[in-house]
Amino acid sequence: MFVALLGLAGGGLRASTVFVMELAGLTGIVEVVGNGVVVVVGGEMEVAAVVEVVVGGVAMVGLVVVDVVDFARQRVSKGHSELNGLVCKDISGGQENIHIPATNVCDVPPVAPSGFVYIKSNQVAENVIIPSNAPGCNCKGKCTNAEKCSCARLNGNDFPYVHRDGGRLVEPRDVVFECGPTCGCGPSCLNRTSQQGLKYQLEVYRTKDKGWAVRSRDYIPSGAPVCEYIGTVRKSDELDNVSGNDYIFDIDCWQTMNEIGGRERRLRDVSIPSSNNAKERDDHISETGPEFCIDAGSYGNFARFINHSCEPNLFVQCVLSSHHDVRLARVVLFAADNILPNQMIPALIRMDMEELTYDYGYELDSVIGPEGKIKELPCYCGTADCRKRLY
């Protein structure tokens, strides 16, 4: 079975080269070992041979499958007790679809993440009023017709996701309108992709200089939702004088759409449904900054451990699914690139463990301390274009 043709500038592939291949809807991690290749496609391990051919005078390499081994079950069945430095088998306490282990090989003695209560959905402060559910679409089963689906019309007369790997976002947008509680479609509708829960085997682990971090034991394709940032929805002005809480996420959807404070607008424009006093409210938002935030200091999920990077592999996407108030949008992290797993084939591929990261979006000199002085925090992301400071 001929799998792929991979471009090559004169000569064979270098041994022990690792790269990602995408072809005909399949994604795989490929390692060249001498004159043989190991390919992981759709959870199976395919052992292939390298065949060099010439196409139009250009040397190409074809992969011919020799054998197929069911590797997915073997990988999934590996117990968490085998993880080096395991300090907690599941920080969610069984709340997530998949257990999230925590490891620590840095501290002596090793300790587990603590100081917070794990929750799977947002809590709401008493003085925050969540808008009532917006009218939904009349689709049945699954939404398939963008011309008839009212939710698709909110997304520019198109669905934001494609049927691939359980649903992938086509491109970042100002806002993604998903189907919600008043829609006629069911829970398996493609336009509810970010509501499906955890799909990947993740691991919280201790680092030497950044505290806790998160990495994946599974391959995560570009555009796939990884998680929602969960905590307590609060009014931002209540936290102005709070110090020592590093788990505050401003819901700055409106500010991002209007490129306020140096924020960069998403690639795809949408039309926000109008409401009463919308003009007065919009002017107020522009002047004062984000009105609401998500506080994951005391209550939150594993997203609180995802660190900043100046070259992140995740991006922030505002999502509206029950109401249409952008000030209270859900904050969902999507894969910006194909993210390689921690160890897909431990015996054959030895690659660096890729940490999950997103850009916290701070402007330099934007954080003021209690004494009125500008606060500075160094950045330890270690990327080539690191800004050296988080804020």
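Which residue in β14 does Thr103 stand opposite? In this predicted model, the residue facing Thr103 is Tyr205 of β14, and the close-up views below begin with the sheet to which that strand belongs.

**View 1. A four-stranded open sheet with mixed pairing.** The strands are arranged in the order β7-β8-β14-β15. Strands β7 (86-88) and β15 (212-216) each have a single partner strand and stand at the edges, so one side of each is left without a neighbour in the sheet.

**View 2. The pairing of β8 with β14.** Strand β8, made up of residues 102-103, runs in the parallel sense to strand β14, which covers residues 202-206, and the two are joined over two bridges. Within this pair of strands, Thr103 and Tyr205 stand opposite each other.

**View 3. Cysteines without a disulfide.** A disulfide requires two cysteine sulfur atoms within 2.5 Å, and by this rule the count for the model is zero. For Cys179, the nearest cysteine sulfur belongs to Cys143 and lies 3.6 Å away, so with the cut-off at 2.5 Å Cys179 is in no disulfide. Cys185 is likewise in no disulfide, its nearest cysteine sulfur being that of Cys179 at 3.7 Å. Cys179 counts as buried, with a relative accessibility of 0%, and Cys185 also counts as buried, with a relative accessibility of 7%.

**View 4. Asp209 in the loop between β14 and β15.** With a relative accessible area of 46%, Asp209 is partly exposed. Although Asp209 and Tyr380 are 171 residues apart in sequence, their C-alpha atoms are 7.3 Å apart in space.

Key. Residues are numbered from 1 along each chain as its sequence is written. This is a predicted model: local features need pLDDT of at least 70, side-chain atom pairs count only at pLDDT 80 or more; totals for chains, interfaces and linings use all residues. Side-chain values use heavy atoms; hydrogens and water are left out. Two strands pair if DSSP finds at least two bridges between them. Buried means under 20% relative accessible area, exposed over 50%, partly exposed in between (1.4 Å probe, protein chains only).
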